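Biologist: Please take a close look at a single part of this model, the sheet, and follow it out to whatever packs around it.

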Amino acid sequence: MSERRHWEQVYADMGTPWDLGGPCPALDEVTEAARLQGFRDGCTVAVPGCGLGHDAAWLAARGFQATGLDLVPEALDRARAVYGEPPAWRVGDWLAGAHGPFEAILDHTFFVALHPDQRPEVVAAHARNLLPGGFWLGIFYHRVRQPGIRPWAVQPEELRALAEPFFEVLDLQSARTSHPRRLGRECWMVARRR
Ligand SMILES: C[S@@+](CC[C@H](N)C(=O)[O-])C[C@H]1O[C@@H](n2cnc3c(N)ncnc32)[C@H](O)[C@@H]1O
């Protein structure tokens, strides 16, 4: 089964159990930390695996040139219906081909949604779609309720080791603000494309 078909089926069969109904609460933390490192107001930001688009809309409302990208057209139709444009909404496979380059990407529950075997591919796709010096802002689970199924936890040191060949890791911390469902289980990272 193709990845797209797989995710279309996830939407059809399971709905969107990951969805927070609004932007990720840790966005203020991670964007503030990134600003200290030179993340520029108004820059181009891709949100791969944007789902129902809350984070891309949050960025667009703050003046960033945001693009929400997802494999599943239904997700983007729903995002567009709620938030309009901007942000730009694009159907595509982040892991295939070129989508950027962007000045930054925001990965929230995308990296941890894909199987751990795919992690090097995800990191390579992030690097490929960023300009040199571009920022990867990421929010991850370091602990999950049910190991062995999606979402997959990643340990900070594991993340650092995966990112380092392409990125300089500038900041990596436990999230202070999380949705109540995720409290104490998230971390975030700011990394710069080498
Ligand atoms: C767990 S959901 C997270 C959605 C959103 N980031 C959020 O936190 O609400 C993962 C999303 O990634 C999308 N996705 C999976 N593989 C993808 C790929 N290769 N390219 C683009 N999107 C992908 C899925 O369709 C799904 O919407």
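**The sheet and its surroundings**

Modeller: E2 and E3 pair in the parallel sense, over 4 bridges. This is a predicted model, so read every value below as computed. Within that pair, Leu 69 stands opposite Arg 90 in E3. Helix H4 (residues 73–83) packs on the sheet here and touches both E2 and E3. The direction of H4 makes about 165 degrees with that of E3.

Now the other partner of E2. E1 and E2 also run parallel, joined by 5 bridges. Ala 46 of this pairing stands opposite Thr 67 in E2. Strand E1 (residues 44–48) is mostly covered, with 4 of its 5 residues buried.

Val 47 deserves a stop. Setting aside neighbours within four places in sequence, its contacts are Asp 55, Ala 56, Ala 66, Thr 67, Gly 68, Leu 69 and Leu 106. Leu 69 we have met already, opposite Arg 90. Thr 67 we have met too, opposite Ala 46.

Step back to the whole sheet. It is open, has 7 strands and follows the order E3-E2-E1-E4-E5-E7-E6. The pairing is mixed. Strand E3 (88–91) and strand E6 (167–174) stand at the edges. Each has a single partner strand, so one side of each is left without a neighbour in the sheet. On average, neighbouring strands of this sheet are turned by 20 degrees against each other, direction ignored. Strands of a sheet pair through backbone hydrogen bonds, either parallel or antiparallel.

Next, the core. The largest nonpolar core holds 54 residues. Those touching the most other members are Val 30, Val 45, Val 47, Leu 59, Ala 104, Ile 105 and Leu 137. E5 gives the most to this core, with 6 residues.

Val 30 leads to helix H2 (residues 27–35). There Leu 27, Glu 29, Val 30, Thr 31 and Ala 34 are buried. An α-helix has 3.6 residues a turn, so residues three or four places apart point the same way. The buried residues of H2 pack against helix H3 (54–61), strand E5 (130–141) and strand E7 (186–193).

The loops beside E3 hold two backbone exceptions. Most residues other than glycine have a negative phi, and most peptide bonds are trans. Pro 86 is found in the loop between H4 and E3. The peptide bond from Glu 85 to Pro 86 is cis, with omega near -10 degrees. Pro 101 lies in the loop between E3 and strand E4 (102–108). The bond from Gly 100 to Pro 101 is cis as well, with omega near 5 degrees.

After E4 comes another local oddity. Thr 109 lies in the loop between E4 and helix H5 (119–128). Its phi is near 60 degrees, a positive value in a residue other than glycine. Thr 109 counts as buried, because it has 22 C-beta neighbours inside 10 Å.

Thr 109 also brings us to the ligand. Of the 20 residues around the ligand, Gly 49, Gly 51, Trp 94, Thr 109 and Ala 113 come nearest. Helix H1 (3–14) and strand E2 (65–70) each supply at least two residues of this shell. By class, the shell has 12 nonpolar, 4 polar and 4 charged residues. Strand E2 therefore ties the topics together: it pairs with E3 over 4 bridges, is joined to E1 by 5 bridges, and supplies at least two residues of the shell around the ligand.

Methods:
Residues are numbered from 1 along each chain as its sequence is written. This is a predicted model: local features need pLDDT of at least 70, side-chain atom pairs count only at pLDDT 80 or more; totals for chains, interfaces and linings use all residues. A residue is buried if 20 or more other C-beta atoms lie within 10 Å of its own, exposed if 12 or fewer, and partly exposed in between; C-beta atoms are placed from the backbone. Two residues are in contact if their C-beta atoms, placed from the backbone, lie within 7 Å. A residue is near a molecule or strand if its C-beta atom, placed from the backbone, lies within 6 Å of it. Ala, Val, Leu, Ile, Met, Phe, Trp, Tyr, Cys and Pro count as nonpolar, Asp, Glu, Lys and Arg as charged, and the others, Gly among them, as polar. A nonpolar core is a set of buried Ala, Val, Leu, Ile, Met, Phe, Trp, Tyr and Cys residues joined through C-beta atoms within 7 Å. Two strands pair if DSSP finds at least two bridges between them. Axes are lines fitted to C-alpha atoms, for helices over the stretch in contact, and angles run from 0 to 180 degrees between N-to-C directions.
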